[in-house]
Amino acid sequence: MHSVKRLCLAHFWVAFAFFAAACAIGTWQMWVRSPLGASVGTPGQYYMLVTAHGVALAFVLTTFFIMGFGYFVATTALDRQLPGKAWAWGAYWLAVVGVVVAFAPIMNGQASVLYTFYPPLTGSAWFYIGLVLLVVASWIWAVLMMVAMTAWKRENPGRPVPLAMFATVANAVMWLWTTVGVAVQLLFQVIPAALGLVHTIDVGLSRTLFSWTLHAIVYFWLIPAYIAFYTMVPRAAGGRLYSDTMGRLTFILFLVYSLPVGLHHLLMDPEHGNATKFIQVVLTAFVSVPTLLTIFTITASLEIAGRLRGGRGPFGWIATLPWDRPMVLATGLSFVMLGFGGFGGLINMGYGMNAMVHNTSWVTAHFHLIFGGSVVIMYFAICYEIWPRLTGREHPTLSLLRLQLWSWFVGMMVMTLPWHWLGLQGQWRRVANFNYADPIIAGWGPWVIVSLIGGIILLASALLFLRNLAVLHRGAVLAVARPLYAIAVHPPQRVPAVLNSFGLWNVLVLVLMLVAYGLPIAQFLIEPSPSAIVHRMR
Amino acid sequence: MTEIHQELHERRILGTELLWAFGVGVLIAAILSMIVFTALSIGVNPPSNVERLDPKALHLSGEFAEDNLGTSVGSDGRVVVRVIATQFAFLPRCIPVPVGRPVTLRFVAPDVLHGLLISGTNVNTMVVPGYVAQVHTEFTRTGDLLMPCHEYCGLGHSEMWATVQVLPENQFQPDSNGRVSCAQR
Ligand code: HEM
Ligand SMILES: [Cu+2]
Ligand SMILES: [Cu+2]
């Protein structure tokens, strides 16, 4: 494993320490929103902690996990040393410093602006500066991933890059594009405002720049789960990957398609006209394509495994799959949550239906189910799979792993289904304490309590997850070496250059971004909107 | 497997994939036509008038000066509601509207980002400083509706809401200036 073990573990433990703390905070939030805790806490505390919860999960958990996982893939899938390991450690410490610098003002209550910023509201400049450092660290990671792939290709001319690495680099390239929007927003608008260098801000432009990042960042979080689906799940189930080409295509589609659709987050905004919004809705209709392709390929791969294990009939192969293996179980649970979540996503996407749910609890419940559910459960499964390779010790028993995965699934369903329902009833987001004296709101109370129960199950599951990993640092059972990555039914000998590199796709992204964002951004430069006065939170 | 078998098998895999891709294509086409159909036929459209207004001078500009806020009925019978969303209240806090008649709602924010929805209806918009957010709607049932601010706007965000009174036609009585106030209850 070419000695990136400590590097990977260092990243993962930061990610999961923040993850567990944030789950505790989330449960507190749900309690305070319920009738049981309706008089607990001040709004100042609530928004401080929602900011902490959002930043910890959306930025810290994800970025650290993805960086650590990338280093793991770059050394194992390519089977060579990581080039620039000193840079990797440098990026790690830069990211750690960034997180400390960002969290100091958050926990002081000086950055209660939530993880989505929303100027002209501004918090302490340190909050944004810390996040910029985290992003810069992730840029170093992205470049290292590209360097590693290029070096491998030089040593293996003409051979297809292993799918896991191809996907990782697709994510790295996508991330570089994705962060441009928020970086411009922070460096040119928000940080100058937070430092007091400027006193007004063009809010329309600011929201447009943020939307550039907002959709694709979700795919950045999601791609590790898809890497597991394509490159780990078929082998864990005892089968083969149905099609390597489909995998490459899927990750290319993610790169190309996640970027130009960000403006659909502004459907309810007054600064963009109908034409722009309509183009966006049409483009957005296609974002489900890579996911639908994945569901087919992975189901087909699982079917191969199930039939190899003696399954018969149209559905008999499902029963014969090795559901006792964490990776297979997690995939099944993830697909169920993806099914529910995908249905919800269709609603968000509809031009008209969006008006029903925009900024209601529906949205919060939806991303908890998709991101906190389907994606994070695959983070768990990945960790269970690779931890023995990092620490050299084997899980003493799998039953606690299964319990953890099941409880995460159950907790997520119990928490998010009533939460969706309340969104349809008009419950809105980001409320510190609901006024349960109001007759409409009073009817919501019991459902919030159900969500709270789900939250408590989730918190217990998160702690069990930490325990399951921690025991591998001192256990007695030594790990036996076994292969990790799946082989395709027809392992590719040669693939066309377009399926083995990203040059062409970058050109395509550039063109699509010009089409999607050219005019919407240019309109603010041609005719600046009347700017708003900066409002500092203390 | 012999070479020829392998080739045949690969083609079969490709065949199933193309079939699935075709299904995906049909699904996307169906969704798209639904979107286009609803947008064109029943005018399901998000607020998109793109009307700029300087947030620093709202109180000076005629339309959103204090006297003009609230519900008014024009000489042509058009009902227009003008509301300022500001940290942490809507002005006015109570909005009377008639049942079963087209209503135009116009919102502006002088300070930070706000947003709103009216419970039980599909009225939903962001209120972005620098722009007028405009929504056309028709209320179908009488009664009081909740209109909370749904976008985080600061520590008082939870406290920011207004009431929409949907009145039967006989109680929706404009005064001599065409202005309507909430019924006192
Ligand atoms: C124990 C588990 C969890 C509980 C009980 C929980 C609960 C909550 C609650 C109550 C809110 C505030 C919603 C509002 O005020 O409208 C929230 C916000 C949020 N949660 Fe969680 N959550 C949990 C886990 C997660 C996970 C695993 C993720 C993602 C990986 C996540 C991501 C977020 C984000 C990004 C926000 C910020 C939303 C905003 O600013 O509006 N949460 N969560
Ligand atoms: Cu507000
Ligand atoms: Cu608000």
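# Chat on a two-chain model: interface, salt bridges and a surface patch

Biologist: How many residues of chain A are in contact with chain B?

Modeller: In this predicted model, 69 residues of chain A contact 56 residues of chain B.

Biologist: And how much area do chain A and chain B bury between them?

Modeller: About 5,300 Å². Carbon and sulfur atoms account for 70% of that.

Biologist: Which residues of chain A lose the most area to chain B?

Modeller: Pro270(A), Trp428(A) and His490(A). Together they make up 14% of what the chain A side buries.

Biologist: Now the polar side. How many residue pairs are in polar contact across the interface?

Modeller: The rule finds 17 such pairs between chain A and chain B, both residues at pLDDT 80 or more.

Biologist: Which helix of chain A gives the largest share of the side that touches chain B?

Modeller: Helix H10, residues 274–284. Five residues of that side come from helix H10.

Biologist: How many salt bridges are there between chain A and chain B?

Modeller: Two. In one salt bridge, the side chain of Arg430(A) meets that of Glu151(B), at 3.1 Å from N to O.

Biologist: What does the side chain of Thr125(B) reach?

Modeller: The backbone oxygen of Met268(A), at 3.4 Å. Thr125(B) sits in strand S8 of chain B, residues 124–127.

Biologist: Why does Thr125(B) count as buried?

Modeller: Because its relative accessible area is 0%, and buried means under 20%.

Biologist: Tell me about chain B itself. What is its secondary structure?

Modeller: One helix and 12 strands. From the N terminus, the helix comes at the start and the strands follow.

Biologist: What share of chain B counts as buried?

Modeller: 48% of its 185 residues. Chain B exposes about 9,000 Å². Carbon and sulfur atoms supply 57% of that exposed area.

Biologist: And what about contacts in chain B between residues at least 6 apart in sequence?

Modeller: Of those contacts, 62% join residues at least 24 apart.

Biologist: Back to charges. How many salt bridges over all chains?

Modeller: The search of the whole structure finds 13. One of them joins the side chains of Arg80(A) and Glu155(A), at 2.7 Å from N to O.

Biologist: Where do Arg80(A) and Glu155(A) sit?

Modeller: Arg80(A) is in the loop between helix H2 (43–76) and helix H3 (85–107) of chain A. Glu155(A) is in helix H4, residues 125–155. The two are 75 residues apart, so this salt bridge links distant parts of the chain. Arg80(A) counts as buried, because its relative accessibility is 17%.

Biologist: What about Glu385(A)? Which residue does it form a salt bridge with?

Modeller: Arg482(A), with the closest N and O atoms 3.5 Å apart. Glu385(A) is in helix H15 (residues 361–391). Arg482(A) lies in the loop between helix H18 (445–470) and helix H19 (503–526). That pair is 97 residues apart.

Biologist: Are those two buried or partly exposed?

Modeller: Glu385(A) is buried, with a relative accessible area of 15%. Arg482(A) is partly exposed, at 37%.

Biologist: Which salt bridge does Glu63(B) make in chain B?

Modeller: The side chain of Glu63(B) meets that of Arg82(B), at 2.7 Å from N to O. Glu63(B) is in the loop between strand S1 (51–52) and strand S2 (70–73), and Arg82(B) is in strand S3 (residues 79–86). They are 19 residues apart. Glu63(B) is partly exposed at 25% relative accessible area. Arg82(B) is buried at 18%.

Biologist: Which residues do salt bridges with shared partners join into one network?

Modeller: Arg207(A), Asp269(A) and Glu271(A).

Biologist: Switching to the surface. Which residues make the nonpolar patch?

Modeller: Met356(A), Trp421(A), Leu424(A) and Trp447(A). The patch covers about 400 Å². Leu424(A) is in helix H16, residues 399–424 of chain A. Its relative accessibility is 38%, so Leu424(A) counts as partly exposed.

Biologist: Last one. Where is Arg474(A), and is it buried or exposed?

Modeller: Arg474(A) is in the loop between H18 and H19 of chain A. It is exposed, with a relative accessible area of 65%. The C-alpha atoms of Arg474(A) and Ser34(A) are separated by 41 Å. Along the chain, these two residues are 440 residues apart.

Note on methods: Residues are numbered from 1 along each chain as its sequence is written. Chains are lettered from A and ligands numbered from 1 in the order in which they are written. Side-chain values use heavy atoms; hydrogens and water are left out. Patches are made of residues with over 30% relative accessible area and no salt bridge: like charges are joined within 9 Å, nonpolar side chains (Val, Leu, Ile, Met, Phe, Trp, Tyr) within 5 Å. Accessible areas come from the Shrake-Rupley method with a 1.4 Å probe; for residues, only the protein chains shown count as cover. A salt bridge is a side-chain nitrogen of Lys or Arg within 4 Å of a carboxyl oxygen of Asp or Glu. Helices (H or I, at least four residues) and strands (E, at least two) are DSSP runs, numbered from the N terminus. Buried means under 20% relative accessible area, exposed over 50%, partly exposed in between (1.4 Å probe, protein chains only). Contact means heavy atoms within 4.5 Å. Buried area is the accessible area (1.4 Å probe) that two parts lose on being put together, summed over both. A polar contact is a pair of N or O atoms within 3.5 Å; within protein, one must be able to donate a hydrogen and the other to accept it, and residues adjacent in sequence count only if both atoms are side-chain atoms.
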